Amino acid sequence: MIVKKLHASGIRAEHAYTAGFLSIGMSVITWCASPSVEKKGEEGADRLGIFVGEWAPTFFALGLALSTCEK
C-alpha cells in the first residue's frame with residue numbers, strides 16, 4: 001500500500017537506490033566530522049554514523065519494492 005502510494009506520487013526505484021548510496025556517504029561524512037563537532041567524542045560519532053548508516057538498507061529495500069511495482 002505504501003509502495004503503491006510512493007509509486008503513484010512519482011518516486012521510482014532509482015530515486016530510492018540513489019538515496020541509499022547517499023546515505024552511505026553521509027554516514028562516512030558524519031562519522032568523520034562528528035568527533036570535532038560534538039562534545040561526546042568518538043562514542044557519539046560512532047552512534048551518529050551508525051544511525052545514518054541504518055537508513056541505507058531501508059532505501060535499498062524500498063528500491064526493490066518499487067522496482068517490483070514498476071514491472
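The legends below describe an overview and several close-up views of one predicted model.

Residues are numbered from 1 along each chain as its sequence is written, and side-chain values use heavy atoms, with hydrogens and water left out. Because the model is predicted, local features need pLDDT of at least 70 and side-chain atom pairs count only at pLDDT 80 or more, whereas totals for chains, interfaces and linings use all residues.

**View 1. Overview of the chain, with four helices and zero strands.** From the N terminus on, the elements run α-α-α-α; helices (H or I, at least four residues) and strands (E, at least two) are DSSP runs, numbered from the N terminus. Of the 71 residues in the chain, 18% are buried, where buried means under 20% relative accessible area, exposed over 50%, and partly exposed in between (1.4 Å probe, protein chains only). The chain exposes about 5100 Å², and carbon and sulfur atoms supply 70% of this area; accessible areas come from the Shrake-Rupley method with a 1.4 Å probe, and for residues only the protein chains shown count as cover. Among the contacts with a separation of 6 or more, 73% are between residues 24 or more positions apart, a contact being heavy atoms within 4.5 Å.

**View 2. Confidence along the chain.** The mean pLDDT is 86, and 86% of the residues reach 70 or more; pLDDT is the predictor's confidence in each residue, from 0 to 100. Confidence is lowest in helix 3 (residues 41-53), with a mean of 74, and highest in helix 4, at 93.

**View 3. The aromatic cluster of Y17, F21 and F60.** Ring pairs link these residues into a cluster. The structure holds three aromatic pairs; rings of Phe, Tyr and Trp (its six-membered ring) pair if their centres lie within 6.5 Å, and planes under 30 degrees apart count as stacked, over 60 as edge-to-face and the rest as tilted. Y17 and F60 form a tilted pair, 6.4 Å centre to centre with 35° between the planes. Y17 lies in helix 2 and F60 in helix 4 (residues 55-70), so this pair ties together parts that are 43 residues apart in sequence. Y17 is partly exposed at 27% relative accessibility, and F60 is partly exposed with a relative accessible area of 24%. F21, in helix 2, counts as exposed at 57% relative accessibility. The C-alpha atoms of F21 and F59, which are 38 residues apart along the chain, are separated by 8.7 Å.

**View 4. A nonpolar surface patch made by M26, L48, F51 and W55.** The patch covers about 350 Å². Patches are made of residues with over 30% relative accessible area and no salt bridge; like charges are joined within 9 Å, and nonpolar side chains (Val, Leu, Ile, Met, Phe, Trp, Tyr) within 5 Å. A salt bridge is a side-chain nitrogen of Lys or Arg within 4 Å of a carboxyl oxygen of Asp or Glu. M26 is found in helix 2 (residues 13-37) and is partly exposed, with a relative accessible area of 40%. F51 is partly exposed at 46%, and W55 is partly exposed at 32% relative accessibility.

**View 5. The surroundings of S23 in helix 2.** S23 counts as buried, at 2% relative accessibility. Leaving aside neighbours within four places in sequence, S23 is in contact with V52, G53, W55, A56 and F59.

**View 6. A13 in helix 2 and the residues in contact with it.** A13 is buried, with a relative accessible area of 2%. Neighbours within four places in sequence aside, A13 is in contact with G63, L66, S67 and E70. The C-alpha atoms of A13 and F59, 46 residues apart along the chain, are separated by 9.2 Å.

**View 7. C69 in helix 4 and the residues it touches.** C69 counts as partly exposed, at 29% relative accessibility. Not counting residues up to four places away in sequence, C69 touches V3, K4 and H7. The C-alpha atoms of C69 and H7 are separated by 7.5 Å, although these residues are 62 residues apart along the chain.
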